[in-house]
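Biologist: I am new to this structure and would like a close look at a single part of it. Could you take one helix, go through it with care, and then turn to the charged pairs elsewhere in the chain?

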Amino acid sequence: MGELRSLYPEIKENFSKMLKVDETHTIYYEESGNPQGVPVVFLHGGPGCGTSASGRQYFDPEFYRIILFDQRGSGKSTPHACLENNDTWHIIEDMEKIREDLNIDKWLVFGGSWGSTLALCYAIKHPERVLGLVLRGIFLGRREDILWIYEKGGASNIHPEAFERYESIIPKDERRDMVRAYYNRLTSKYREIREIAAKEWSMWEGSLVTLNPDPNLEQSFGDIHYSVSMATIECHFWMNNMFWNDDDWILNNIDAIKDIPTTITHGRYDVDCRVVGAYELSKKLNNCKLDIVVAGHSGGEPAIVDSLVKATDYFKDLLK
């Protein structure tokens, strides 16, 4: 077994822009890497997490024109944590507006966790715009996937002490539906109630994402600016079943993209998003490479980084 690949060196953005996409929302996006290179769009997780500069480092900057953006209500996009017109289909429209603003015909689409959900939805809606898919930590957005994370009986069996804390702010008579109980608090008119709920929701998720406990990462999930957008927007999406009318919308519409070149990286011990979803998805695709690695969920774990950098290099050879 060879040495694991690491991220490409840190780079600065070439430019960034605030793009007004409707009366309410303005979207932050940026370009880095080679302005004449093969375009790739990076889709962050959450929804609500926003991007960070490290997202640029999965790609060879000499080859790729790297586009990062903060989805509605996330990161530097405004208004922060706003739920108005914030849904799967509006974010896909935003992607098209960014693509057109940059005069890009087709791009490679890279997404992890919720970003994988969004990547798949975008590709199903706009297959003619997708050169390929690089996916990590597959989340298919089904009710079973949501219940696994947020309700008792799934991830709670693996991280019982963290779940106990997450559950502790909810009265016992509301614990039959934790997502609804949290939603009521995250949308409360009282700021203190919203912020307590956001922190506990986010800290619970932070406890799940790495194979080995990482207290620093868990604490970063507790940052109020970050946790408010992540918890509020996630809970909004889960309450509305991803804004689709078919619980298995992705797999039931997968024929539209079954021949698009795809790589899937998934941690064998991912407690946040179960590996079975990645396996089920891979079986529906004709042109897919599935790499199940010894890791958890986080895109920063060494085995995940190794697999993703190899995937973008694989596409580099494919798209030359």
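Modeller: What follows looks at one helix and then at some salt bridges. This is a predicted model, and the helix in question is α1, which covers residues 88-101. At 1.5 Å a residue, its 14 residues should span 20 Å, and because the end C-alpha atoms are 20 Å apart, the expected and modelled spans agree. At the N-terminal end, Asp87 acts as a cap on α1, with a side-chain oxygen 3.0 Å from the backbone nitrogen of Trp89, while after the helix comes Asn103, whose phi is positive, near 55°. An α-helix has 3.6 residues a turn, so residues three or four places apart point the same way. The buried residues of α1 include Ile91, Ile92, Met95 and Ile98, and also the charged residues Asp94, Glu96 and Arg99.

Turning to charged pairs, the count of salt bridges comes to 24. One of them joins the side chains of Arg65 and Glu31, at 2.8 Å from N to O, and this pair links distant parts of the chain, with Arg65 in strand β4 and Glu31 in strand β2, 34 residues apart. Both of these residues are buried. In another salt bridge, Lys320 meets Asp317 at 3.5 Å, and here Lys320 counts as exposed because its relative accessibility is 70%, while Asp317 is exposed at 52%. Elsewhere, salt bridges that share partners join Arg142, Glu144, Asp145, Arg274 and Glu280 into one network. Within that group, the side chains of Glu144 and Arg142 meet at 3.9 Å; Glu144 is partly exposed, at 40% relative accessibility, whereas Arg142, at 4%, is buried.

Definitions and conventions: Residues numbered from 1 in each chain as written. Predicted model: local features only at pLDDT ≥ 70, side-chain atom pairs only at ≥ 80, totals over all residues. Heavy atoms only, no water. Helix = DSSP H or I, 4+ residues; strand = E, 2+ residues; numbered from the N terminus. Expected span 1.5 Å × (residues − 1). Buried < 20%, exposed > 50% of the residue type's maximum accessible area, 1.4 Å probe, protein only. Polar contact = N/O pair within 3.5 Å; in protein donor to acceptor, adjacent residues only side chain to side chain. Salt bridge = Lys/Arg side-chain N within 4 Å of Asp/Glu carboxyl O.
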